[in-house]
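Subject: Structure for you to look at, with notes

Dear colleague,

I am handing over the structure we spoke about, and I would be glad if you opened it beside this message and followed along. Please take your time with each part before going on to the next.

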Amino acid sequence: MLVKRSNYRLDFLFVVVVLVFVALISRLAFLQVIQGKNYERLADGNRIRLIPIMAPRGNFYDRNGNAMIANRPGFTVSIMPTSGPLSDDVVQKLATILNMKVDEVRQKVSQPSANFEPIRVKSDIGPDVVTKIEERRSELPGVMIEIQPIRSYIYNELAAHIFGYVSEINDTELEEKKAAGYKSGDIIGKFGLEKVYDKELRGSDGGNQVEVDVMGHPVQVLGKKEPIPGNNLVLTIDANIQKAAEDAIDKQLAYLQARTQFRRAKAASAIVMNPKTGAIIAMVSRPTFNPNSFSTGISSKDWKVLNDNPYNPMENKSISGEYPPGSTFKIVTGSAALELGKVTPEEKILDTGKHWIIPKTNADGEALGWINFKEALTKSDNVYFYEMGNRLGIDNLEKYARAFGLGAVTGINLPGEADGLVANQRYKKKVYDEDWYLAETFDAAIGQGFQLVTPLQIAQLMEQIANGGHRYRPYVVSQITDNNGEVLKSFGPEETGHIDLSPATLNLIRESLRDVAKEGGTAGQVFGNFPVPIAGKTGTAENSHGDDHSWFVAYGPYDDPDIVVVVLVAQGGYGASAAVPIAETILRAAFNLPSQP
């Protein structure tokens, strides 16, 4: 009986053993035969990586074909994702080699990596750092060196506010652009044309399919997809005139700060534009910045210097700065008075140094006696234009200011443009809940009080006088081309408005502005013997926050103008002494004239 029970137990145990072996064999067959390909793919995933090759961004060229922005090769330290996070020891070593904070490196390497792509830790490292990493390669599992294109702004600060800068995409931008194919670590345009045309400039990334060892180091390249470079921008900018304008402003600001009472003259703008098309030939804003500082990640120290500067180097003063136009606005007041018949060219008004209704005066108490329109605009007489404001009223002043395009953005394809402010009764009532006074009309008539403009708006104002009333949208890009030079898109003149001035009014305004640049005019001391006939207008705008702002706006040649120049020196004093010399240097460059000694 006992023997029989033992046989049953042995039989049962045998069956169990057989079932276990059947299960193991079945599972092994399932894994090898049914799921073999899948696990083979996963195993390859542990040793094969796709390392992206960043596409170089498109280049920028000036209107003469000179390269202004390009790319250069640079070494980047990256982390190849392995089976686990980097150890504290590796993070510490890497931070020491890269001269970075440990927490900064840890934050970088902890970011999620899509499809096991490398995580970029630091770009544009020097060859000495590359050597150190290669020497300690065995101690740094997963650390690799990539060669990537680095954005190169060839002339450093030149035209920085037009070009903008690039930097690594942040979390907010990534969330917004993820659907468009952007990913963590991408370099994108953050400001200026780099931002506006980022999609066209980016190109298409390529990649290397590489085999890596257990340390995450590349062993061999298995395949390669070449990147496609981004498209190029051909600009309306002339690099030589741009440089001349920037040098002239820097020289004048240094002089004003060191040699005059205007020590706070640290902000300025200059614009050179073709009045026949609206093409921007040069645009300067001061203070400025070096966009190369952002290409590989600006340091906290450098960013603090920019951010703490009260004159805001990151603001494009030419399109974002809003200033009282001062006497440049007398072009608007004069046009309105003549067109509406509030004054005739021959009528003379007595200037005793102050107006007879409200005792507002000329600058420095000057009195010109009996003067007509042409003399008043040429000499920039305040009392005469106070009377024009008295005759016109604020509503007519507003009407003509808006007809010239003031109080609205010009539409230039650059971010951050301000719209300025045209003085009007509604604004004062809405903001201050107060009635309008005649004294405020007087202020508005000479470009003071509530009036605010950007330098670009004043350029458009002068453009319309120069070309007969046509207002064009300012533009800085003439073409988008591919890597082979084929034109993909072209940009040209686009008329956005027109002011109807009679030939008589237009001719009188032009003749008066021509006399400004002759002997006896407010700019005559500089332009009286200028080789090219110029028409211009000086302006000195009172500033409640400091010294007066300096203006000068001009066009030339007088008979067939193809250049408009606007210069603003914030807190620079009289326009004739601070802004006019800058404009002379710019016009000499524009007309290929020898510079003054």
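Below is what was found, beginning with the whole chain and then moving to particular places.

Please keep in mind throughout that this is a predicted model. The chain has 597 residues, of which 51% count as buried, and it contains 24 helices and 21 strands. If you take the contacts between residues with a separation of 6 or more, 70% of them join residues that are 24 or more positions apart. The accessible surface of the chain is about 28,200 Å², and carbon and sulfur atoms make up 52% of that surface.

Let me turn to the aromatic rings. In general, a pair of aromatic rings is described by the distance of the centres and the angle of the planes. A search of the whole structure gives 18 aromatic pairs, and one of them is formed by F373 and Y384, whose ring centres are 6.2 Å apart and whose planes meet at 75 degrees, so this pair is edge-to-face. Because F373 belongs to helix α15 (residues 373-379) and Y384 to helix α16 (residues 382-392), the pair ties together parts that lie 11 residues apart in sequence. F373 and Y384 are both buried. Another edge-to-face pair is made by F527 and F530, with 5.2 Å from centre to centre and 70 degrees between the planes. F527 has a relative accessible area of 3% and is therefore buried, and F530, at 9%, is buried as well. You may also like to find the cluster in which ring pairs link Y165, F191, F289, F294 and W303.

Two arginines are placed over rings. The charged end of R202 sits over the ring of Y182, at 4.0 Å from the ring centre, while R514 lies over the face of Y558, 6.0 Å from the centre of that ring.

Next comes the backbone, where it helps to know that most residues other than glycine have a negative phi, and that most peptide bonds are trans. Which peptide bonds here are cis? One joins R286 and P287, with omega at about 0 degrees, and P287 is found in the loop between β12 (280-286) and α11 (292-295). Another runs from G556 to P557, with omega near -15 degrees, and P557 is in the loop between β20 (549-556) and β21 (563-570).

Positive phi values are worth a look too. D364, which is not a glycine, has a phi near 60 degrees, and D364 is located in the loop between β13 and β14. S380, also a residue other than glycine, has a phi near 55 degrees and is placed in the loop between α15 and α16. Are these two residues buried or exposed? D364 counts as exposed because its relative accessibility is 70%, and the cut-off for exposed is over 50%. S380 has a relative accessible area of 15%, and it counts as buried because the cut-off for that is under 20%.

The loop between β13 (349-351) and β14 (369-371) also holds W356. Together with I357 and L438, W356 forms a nonpolar patch on the surface, and the three have about 290 Å² of accessible area together.

Finally, please look at helix α19 (residues 438-445), in which 6 of the 8 residues are buried, so that this helix is largely enclosed by the rest of the structure. Its buried residues are E440, T441, F442, D443, A444 and A445, and they pack against α14 (330-339), α16, α17 (394-403) and α18. Just after α19, G447 takes a positive phi of about 80 degrees. Of the helices just mentioned, α18 (residues 425-432) contains Q425, which counts as partly exposed because its relative accessibility is 35%. Leaving aside neighbours within four places in sequence, Q425 is in contact with I394, D395 and W436. The C-alpha atoms of Q425 and I394 are separated by 7.6 Å, although these residues are 31 residues apart along the chain.

With best wishes

Terms used:
Residues numbered from 1 in each chain as written. Predicted model: local features only at pLDDT ≥ 70, side-chain atom pairs only at ≥ 80, totals over all residues. Heavy atoms only, no water. Helix = DSSP H or I, 4+ residues; strand = E, 2+ residues; numbered from the N terminus. Buried < 20%, exposed > 50% of the residue type's maximum accessible area, 1.4 Å probe, protein only. Contact = heavy atoms within 4.5 Å. Areas by Shrake-Rupley, 256 points an atom, 1.4 Å probe, with all protein chains shown as cover. Phe/Tyr/Trp six-rings, centres within 6.5 Å; stacked < 30°, edge-to-face > 60°. Lys NZ or Arg CZ within 6 Å of the ring centre and 35° of its normal. Patch = residues over 30% accessible without salt bridge, like charges linked within 9 Å, V, L, I, M, F, W, Y side chains within 5 Å. Salt bridge = Lys/Arg side-chain N within 4 Å of Asp/Glu carboxyl O.
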